[in-house]
Amino acid sequence: MNRSMTVLAAALGMVLAVGAAAVPASAAPGPAASAAGTAATAQGYTPAAGIAAGSAEDANNKAFYEAVMKSARAKQAATPYLLAVTVTYDASQAPTFRTVISQSAQIWNSSVTRVQLRAGSNADFRYYEGNDSRGSYASTDGHGGGYIFLDYAQNRQYSSLRVTAHETGHVLGLPDHYSGPCSELMSGGGPGTSCTNPYPNTTERNRVNNLWVNGLAVTG
C-alpha cells in the first residue's frame with residue numbers, strides 16, 4: 001500500500017477493501033484525523049495514487065512491524081517461558097468488523113508459529129472503523145502505537161476477510177506486492193474484486209516466521 005511517512009508517523013494504505021458484510025452507509029470518522037493527527041498523512045489507496053513502490057514502501061511497513069514488535073516483546077519479558085511472541089489487539093472500536101477481525105487472527109494463528117494474535121486489553125495495536133477517502137490502511141505513530149483502519153466504502157467492494165487479513169499482515173511485517181496473484185495475500189486489490197483469498201501463501205508464512213524468530217524465548 002502506498003502511504004507517505006513522516007518522522008513521527010507512517011500510514012500504510014491498502015488497495016483492497018473490506019466488503020461482503022453489510023455495513024452502515026456512514027459513521028463517525030476513525031483515527032485518521034483524530035488519533036494520527038496531521039503527522040500521519042496518506043495518499044490514495046490505489047498503487048498509482050500513492051508514493052512510489054519500493055524502498056519507501058518497505059520502510060513504512062517495517063516501521064509498523066518494529067513498533068508492534070517492540071511493544072509485544074516488552075510484554076513477553078514478563079513471561080519469558082512463552083515459546084512465541086503474543087501480539088495483543090483491541091477490536092472494540094471496530095464493532096462492525098469484530099467477527100472478521102477474529103477470523104483474520106485465527107487464519108494467521110494457524111498459518112504461523114512464532115507469533116500469535118490475541119484479543120485483549122493493553123493492546124499492541126487496535127482496529128478502527130469509519131469513512132476515510134484514503135480507504136483502509138495500517139498506521140504507526142512511530143512511538144510503539146499502531147492501528148488498522150477499516151473503511152466502509154471499500155468494505156462494500158472487496159472481501160472483508162481478505163482486506164483485514166491483508167492489513168494484519170502489515171502488523172506482522174509483510175509489505176505490499178500488488179503485482180502478485182490472488183493466492184498471494186499481500187497482493188491486496190491487485191488481482192481485482194473477484195479475489196477473496198484471505199490466506200497467506202507459503203512464502204508469506206515463512207517470511208513472518210523468520211521475522212519473528214528472534215522473539216522466541218530461549219529455553220533450556
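This report describes the fold, the strand pairings, the nonpolar core and a few single residues of a predicted protein model.

## Overall make-up

The protein chain has 220 residues, of which 53% count as buried. Its secondary structure comes to 5 helices and 6 strands, and, read from the N terminus on, these elements follow the order β-α-β-α-β-β-β-β-α-α-α. The surface that the protein chain exposes is about 9,300 Å², and carbon and sulfur atoms supply 55% of that area.

Contacts between distant parts of the sequence are also part of the picture: among the contacts in the protein chain with a separation of 6 or more, 73% are between residues 24 or more positions apart.

## How the strands pair

Strand β2, which covers residues 85–93, pairs in the parallel sense with strand β3, residues 115–119, over 5 bridges. Within this pairing, valine 85 has valine 115 of β3 as its bridge partner. Between the two strands the chain passes through helix α2, residues 98–111, and the resulting β-α-β crossover is right-handed.

Strand β2 also pairs with strand β4, residues 125–130, again in the parallel sense, here over 3 bridges. In this case the bridge partner of glutamine 93 is tyrosine 128 in β4. Strand β4 in turn runs parallel to β6, to which it is joined by 6 bridges, and glycine 130 stands opposite aspartate 151 in β6.

## Strand β6 and its surroundings

Strand β6 has a further partner in strand β5, residues 137–140, and these two pair in the antiparallel sense over 4 bridges. Serine 139 stands opposite tyrosine 147 of β6 in this arrangement.

How far is β6 covered? Of its 6 residues, 6 are buried, so that the strand counts as mostly covered by the cut-off of under 20% relative accessible area. Gly146, Ile148 and Leu150 point one way from the strand, while Tyr147, Phe149 and Asp151 point the other way, and the residues of both groups are buried.

## The nonpolar core

In soluble globular proteins, nonpolar side chains tend to be buried together. The largest nonpolar core of this model holds 31 residues, and the members that touch the most others are Val87, Trp108, Phe125, Tyr127 and Trp212. The elements giving two or more residues to this core are α1 (55–76), β2, α2, β3, β4, β6 (146–151) and α4 (160–171). Helix α1 provides the largest share, with 5 residues.

Tryptophan 212, one of the core members named above, shows how such contacts reach across the sequence. Leaving out residues up to four places away in sequence, tryptophan 212 touches Tyr65, Met69, Val85, Val87, Arg114, Val115, Val171 and Leu172.

## A single salt bridge

Side chains of opposite charge can pair when their charged atoms come close. A search of the whole structure finds 1 salt bridge, in which the side chains of aspartate 90 and arginine 126 meet at 3.6 Å, N to O. Because aspartate 90 lies in strand β2 and arginine 126 in strand β4, the pair ties together parts that are 36 residues apart in sequence. Arginine 126 is partly exposed, with a relative accessible area of 31%.

## Two residues in different settings

Arginine 118 lies in strand β3 and counts as partly exposed, at 41% relative accessibility. Its C-alpha atom is separated by 4.8 Å from that of threonine 88, although the two residues are 30 residues apart along the chain. Not counting residues up to four places away in sequence, arginine 118 touches Thr86, Val87, Thr88, Tyr89 and Asn109.

Methionine 186 is found in the loop between α4 and α5 (202–211). Is this loop residue buried or exposed? Methionine 186 is buried, with a relative accessible area of 2%. When its neighbours within four places in sequence are left aside, methionine 186 is in contact with His166, Gly169, His170, Leu174, Pro175, Asp176, His177, Tyr178 and Glu204. Tyrosine 199 lies 13 residues from methionine 186 in sequence, and the two are 9.5 Å apart in space, C-alpha to C-alpha.

Methods: Residues numbered from 1 in each chain as written. Predicted model: local features only at pLDDT ≥ 70, side-chain atom pairs only at ≥ 80, totals over all residues. Heavy atoms only, no water. Pairing = 2+ DSSP bridges. Right-handed = clockwise from strand over helix to strand, strands pointing away. Salt bridge = Lys/Arg side-chain N within 4 Å of Asp/Glu carboxyl O. Buried < 20%, exposed > 50% of the residue type's maximum accessible area, 1.4 Å probe, protein only. Contact = heavy atoms within 4.5 Å. Areas by Shrake-Rupley, 256 points an atom, 1.4 Å probe, with all protein chains shown as cover. Core = buried A, V, L, I, M, F, W, Y, C linked by side-chain atoms within 4.5 Å.
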